[in-house]
Amino acid sequence: MEKLVVNSGNQLLGDVDISGAKNAALPLLASSILAEGEYCFSNVPDLLDIKTMLTLLEGLCISSKFKGKDIIIKNDGQDGQDDKSHMVAYDLVKKMRASILVLGPLLAKTKKAKISFPGGCAIGERPIDQHVKALIAMGARIDVKHGYIEANCDYLKGCDINFDMITVTGTENIVMASVLAKGETVIYNAAQEPEVVDLCNLLRKMGAQIEGDGSNTIRVKGVEGLEPASYRVMGDRIEASTFLCALAAAGGDIILRNAPAGSMSVVIEKLLETGLEIHVLDNNTIRARKGIAVKSADIVTQPYPGFPTDMQAQFMAVMSSAAGVSVITEGIFENRFMHVAELKRMGADIVLKDHSAIVKGVRNLTGTDVVCTDLRAGAGLVVAALLAEGRSNIHSIYHIERGYDSFDEKLRLLGADIKKVESE
Ligand code: EPU
């Protein structure tokens, strides 16, 4: 097991390259199930979750290889293969809940799928009832047996889907299911996340007929067949926003390259409110500088275009030593406050009340040993360590490696005193 050792005190200075977005790349890779042939994906981040998705696809008879930094995916067709080529086992789903993203495309293309039922995780119960309800409305027969979702259909038919709540992977699953369905599918209360739009852009390149992505109503007209395509994954708005929080913690002057500035407005506005200087130089480049001490600001996490839940922990870390009191309300997941106990170990003054954390900025956090409980909580602890007095040891960093490509290396290049070492 490895840990990160962070000594505070260094400012962040220079340029950082933002990687491709994990949450865009995962559904993009899953959509290679929909058409036989060869795909080339560029700007795919080098992450544990991406490796898990490639292993999962391998099990479905879809191979991958690296060509330089690109990933070439080859789908030789699952038809005529044995039942295993429609199945995703527990060991993969337990590593990564987003494995459920293959349910929609598998059903659409091969008419059957057997996927281990995802359990809850550190941030909440995270049911998938909306995915299942929509697929049943499209004509799928779904059973849950021995911990597996067993789904099959004669064909999927287009229909109106009304999601009871906004779900990102639910929307992606149903878009992928409907591109090959008979007739038109209209998804109401759809997720508007930029990663959904990125998926629809690839699917359109493959020949799908989709309109309305980026709004709350997506219309998909099913087509007979799709062709493979090449695609560049969008930049990671959460990674880019995390670097802005790291800057707010450590101080300095940085330029983010390949950052999807247009999809970061709400985070940028919030950080401007705290006193950070941020200039969007063009669609992909952001310059940020910390001039004055950070002031407190309140946030409520919401589906896009609201403040992202995936930035809540990092923002809270910054607020824990800001001037004033900040109220941070989690509006997406019921249990996404596991980092609070760790921040308190570093001296933060935080009280939890229902779905909110009341964060009273303290003069100084102090470095100590802390444990990552999930990916974004881990990123939040790194941000906290950049501002805490002295040394922090951050444990269970495999969570961070699921979603941040070369995080410690990028911070080191900006001047942070951070290194990865074997835990004793
Ligand atoms: N929900 C249901 N039933 C469903 C689906 C969702 O009750 O069938 C609830 C969830 O429990 C949650 C809310 O609806 O309370 C929203 O969940 P959503 O389905 O949107 O989350 P997700 O699709 O499982 C994606 C990201 C998460 C991100 C959330 C919210 C991927 C692979 N994952 O998850 O990313 O936090 O959307 O934006 O895209 C991360 O990267 O660290 C991460 C957790």
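Which residue caps the N-terminal end of H12? In this predicted model, that job falls to Asp-374, which has a side-chain oxygen 3.0 Å from the backbone nitrogen of Arg-376. The helix being capped, H12, runs over residues 375-387 and is mostly covered, with 13 of its 13 residues buried.

Next, a pair of helices. H4 takes in residues 103-110 and H6 takes in residues 168-178. Their axes sit 7 Å apart and make an angle of about 10 degrees. Anything under 35 degrees counts as roughly parallel, so that is the label H4 and H6 get. On the H4 side, the residues that meet H6 are Leu-103, Gly-104, Pro-105 and Ala-108. On the H6 side, the partners are Asn-173, Met-176 and Ala-177. Sorted by class, this contact has five nonpolar residues, two polar ones and no charged ones.

Now for the cores. The largest nonpolar core has 77 residues, and the members that touch the most others are Met-53, Val-102 and Leu-203. Helix H1 (residues 22-30) supplies the largest share of this core, six residues. Who does Met-53 meet, leaving aside its neighbours within four places in sequence? The list is Leu-26, Leu-29, Ala-30, Met-96, Ala-98, Leu-101 and Val-102.

Right beside Met-53 in the numbering is Thr-52, a residue of helix H2 (residues 48-59). Is Thr-52 buried or exposed? Its relative accessibility is 9%, and the cut-off for buried is under 20%, so Thr-52 counts as buried. Not counting residues up to four places away in sequence, Thr-52 touches Leu-92, Lys-95 and Met-96. Met-96 also turns up among the contacts of Met-53.

There is a second, separate core too, made of 70 residues, with Met-319, Val-359, Ala-385 and Tyr-404 among them. Met-319 belongs to helix H10, which spans residues 312-319. With a relative accessible area of 0%, Met-319 is buried. Which residues does Met-319 contact, once neighbours within four places in sequence are set aside? They are Thr-274, Val-294, Lys-295, Ser-296, Ala-297, Ser-326, Ile-328, Val-359 and Gly-361. Val-359, in that list of contacts, is itself a named member of the second core. As for Val-294, it is 25 residues from Met-319 along the chain, and the two C-alpha atoms are separated by 8.0 Å.

How values were computed:
Residues are numbered from 1 along each chain as its sequence is written. This is a predicted model: local features need pLDDT of at least 70, side-chain atom pairs count only at pLDDT 80 or more; totals for chains, interfaces and linings use all residues. Side-chain values use heavy atoms; hydrogens and water are left out. Buried means under 20% relative accessible area, exposed over 50%, partly exposed in between (1.4 Å probe, protein chains only). Helices (H or I, at least four residues) and strands (E, at least two) are DSSP runs, numbered from the N terminus. A polar contact is a pair of N or O atoms within 3.5 Å; within protein, one must be able to donate a hydrogen and the other to accept it, and residues adjacent in sequence count only if both atoms are side-chain atoms. Axes are lines fitted to C-alpha atoms, for helices over the stretch in contact, and angles run from 0 to 180 degrees between N-to-C directions. Angles under 35 degrees count as roughly parallel, over 145 as roughly antiparallel, 65 to 115 as roughly perpendicular and the rest as oblique. Contact means heavy atoms within 4.5 Å. Ala, Val, Leu, Ile, Met, Phe, Trp, Tyr, Cys and Pro count as nonpolar, Asp, Glu, Lys and Arg as charged, and the others, Gly among them, as polar. A nonpolar core is a set of buried Ala, Val, Leu, Ile, Met, Phe, Trp, Tyr and Cys residues joined through side-chain atoms within 4.5 Å.
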